[in-house]
Amino acid sequence: MTSIREKQINALKQMLNLNDPQGRGQAAEPVWKILIYDRYGQDIISPLVSIKDLRELGVTLHVQLHSDRDPIPEVPAVYFCMPTEENLGRIGQDLHNGLYDSYHLNFISPISRQRLEDLAAASLSSNCVSSINKVYDQYLNFISLEDDMFILRHQNSDSLSYYAINRGEIKDSEMESIMDSIVDSLFSVFATLGTVPIIRSPRGNAAEMVAEKLDKKLRENLRDTRNSLFMMDASQAGTYSFQRPLLIILDRNVDMATPLHHTWTYQALAHDVLDLALNRVIVEESAGRSPAGGAKAKTRACDLDSKDKFWMTHKGSPFPTVAEAIQEELEEYRSSEVEVKKLKASMGIDNDSDAAMAMVSDNTAKLTSAVNSLPQLLEKKRLIDMHTTIATGILNAIKTRRLDTLFELEEKIMSKAALDRNLLELISDSDAGITPDDKMRLFIIHYICCSSMSEVEVDRFATALQNAGCDLNPLNYIKRWKAYAKMAATSNQYVGGGTKTVSMFSKLVSQGSSFVMEGVKNLVVKRHNLPVTRIVDELMELKASQETDDYRYFDPKQLRVTDASQVPRNRTPFQEAIVFVVGGGNYIEYQNLVDYTKSKAGAGGPTKRIIYGSSTLNNAKQFLKQLSLLGQELQ
């Protein structure tokens, strides 16, 4: 099966091919063209298509729609943007000024009838109807970050954030428009996947609203047989499995501890510590000394994509494993480098004499193999350097902020194990190097997971947190949230977590590694299911459980709307699921789902495919800030 990421890339390539399906076999010269996108278009394209790929597809120039652009006659322009009034106004200006030879307009989301008429009127008044080649609805209103992960927004993501959905004075009309934009994007996801899911959602929250609206929208599209996006032609029919996927829509409130959790795996750490965004991470490198005598820092942007084998293998590994693997790669690279040097020496190429040149012809075969392996070696060296930079950035944060201790403590709290340290002491300890935000995260997790905590005790902690320089607003909000969330019913949410410390980094210490791991614990995470994964497991495997039995059931293909009481019982377990979290997701849950599918495959069962999606992707710092804003509203 093609992944959601590949399908989105194929759709983009077809769009850049002026919407001709890519011809098989003939490698024709591409048509040179310009790509014009808005912010949303840029976010969708940048993690999927590199600048090199754009060149190969014939794009000579790519620019923002709302930038100053000079006329370029005799060139087709491909527009990729949202059908907003502002964007259409700008396209109207471009037509009026006759900037390009022909216009291929691709809208990320479907353009409404009214706006299409406005566009037609604008092109008539500019007298350039013939230059508009075609107008397409692309249904690509989501951002694929991995083969099995997508988000809806990156820039302007605050409009769909946890704060936006949960703030106190939200008007019904605002809530409607947030829900509509989420549904619009989810509809795009299924139009791209080409399947109609069965939808499950909990009752009484934002997830239920999204499920109802999406069910209605899919129904309307399936009814309209002329324009349905899910009618497959014969050529595609073979690519779909007969069993439909399950879409589980959850609300962020189902688990508030995980988004604040300190983490230990490579990708999640890069997101938490280094603000990984759209598969790029920007790391500070020290670049020697500045003339003034201070340390000079320069930043380096690192792209982490699916072509990077090391990243694909290790993004879910615990950090110590990653450091060891980088070290091994480096050793391997060094030995290949030594071989190339030996070859040079054996051929006497060190001095450019005629004798050396005469010897070259004998060693041509040797040389050819060396030259062929050189680009791969250089690429390997680039990736090793990049991962060394990223890992060093993470390691510095682990050491200064004591992230290993925090991670270990939180895992114990979440799995209800006995703590070896008094939390109050840790929070009051001013020279532990732990930042106020980290202390706040630790305490909120403790507060959420602890079923009985007296007011007096909470106040004692609150005073200690305030003295440690923490902003207490997030705690005020979580207190109110906990009172509402009736957490008592599911108090054993995080069963089976925990860590174990393995022997210290024997390899790294003995090999004289570039990573100084002293004082960092070598922790291994125990395999356990987070609340989101547990719900997914119950719904996919059709297990009876108090929590999920009450979930709503929607099947857009059925004529009548079914209620939970009429859920078909004799179903076979689902092999494919899409989990969507309204109000923001994180890499910890994503990684937990990936591990869950791996453990299922390892147990010899049929392979399960799970795609994780969320309205936005927040790291703990951003999430804490949203909780702080919600806490301020309560005062």
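Which residue of S16 is the bridge partner of Val581? In this predicted model, the partner is Ser614. The pair belongs to a parallel pairing of strand S15 (residues 576-582) with S16, built over 6 bridges. From S15 the chain passes through helix H22 (residues 587-602) before reaching S16. This β-α-β crossover is right-handed.

S16 also pairs with strand S7 (residues 149-151). Here 3 bridges join the two strands, which again run parallel. Met149 has Tyr612 as its bridge partner in S16. Strand S16 itself covers residues 609-614. Of its 6 residues, 5 are buried, so the strand is largely enclosed by the rest of the structure.

The protein chain as a whole contains 23 helices and 16 strands. It comprises 635 residues, and 51% of them count as buried. Contacts between residues with a separation of 6 or more were also examined. Residues 24 or more positions apart account for 78% of these contacts. The exposed area of the protein chain is about 30000 Å². Carbon and sulfur atoms supply 51% of that area.

An open sheet is formed by 5 strands, in the order S2-S1-S3-S4-S5. Their pairing is parallel. The edge positions are held by strand S2 (59-64) and strand S5 (132-137), each of which pairs on one side only. From one strand to the next, the twist averages 15 degrees.

At one edge of this sheet, strand S4 (residues 102-107) and S5 run parallel and are joined by 5 bridges. Phe107 finds its bridge partner in S5, at Asp137. Helix H4 (residues 85-97) packs on the sheet. The helix touches strand S3 (76-81), S4 and S5. The direction of H4 makes about 175 degrees with that of S4.

Helix H1 spans residues 4-16. At 1.5 Å a residue, its 13 residues should span 18 Å. The C-alpha atoms at its ends are 18 Å apart, which agrees with that expectation. Buried residues in H1 are Ile4, Arg5, Lys7, Gln8, Ile9, Leu12, Met15 and Leu16. After H1 comes Leu18, with a positive phi near 60 degrees.

Backbone geometry was examined at two further sites. Most residues other than glycine have a negative phi. Tyr139 is not a glycine, yet its phi is positive, at about 50 degrees. Tyr139 sits in the loop between S5 and strand S6 (143-146). Is Tyr139 buried or exposed? With a relative accessible area of 16%, under the 20% limit, Tyr139 is buried.

Lys416 likewise is not a glycine and has a positive phi, of about 60 degrees. Where is Lys416 placed? Lys416 lies in the loop between helix H15 (403-414) and helix H16 (423-428). The relative accessible area of Lys416 is 47%, and Lys416 is therefore partly exposed, a class that lies between 20% and 50%.

Technical notes. Residues are numbered from 1 along each chain as its sequence is written. This is a predicted model: local features need pLDDT of at least 70, side-chain atom pairs count only at pLDDT 80 or more; totals for chains, interfaces and linings use all residues. Side-chain values use heavy atoms; hydrogens and water are left out. Helices (H or I, at least four residues) and strands (E, at least two) are DSSP runs, numbered from the N terminus. Buried means under 20% relative accessible area, exposed over 50%, partly exposed in between (1.4 Å probe, protein chains only). Contact means heavy atoms within 4.5 Å. Accessible areas come from the Shrake-Rupley method with a 1.4 Å probe; for residues, only the protein chains shown count as cover. The expected span of a helix is 1.5 Å times one less than its number of residues. Two strands pair if DSSP finds at least two bridges between them. A crossover is right-handed if, with the strands pointing away from the viewer, the path from the first strand over the helix to the second runs clockwise. Axes are lines fitted to C-alpha atoms, for helices over the stretch in contact, and angles run from 0 to 180 degrees between N-to-C directions.
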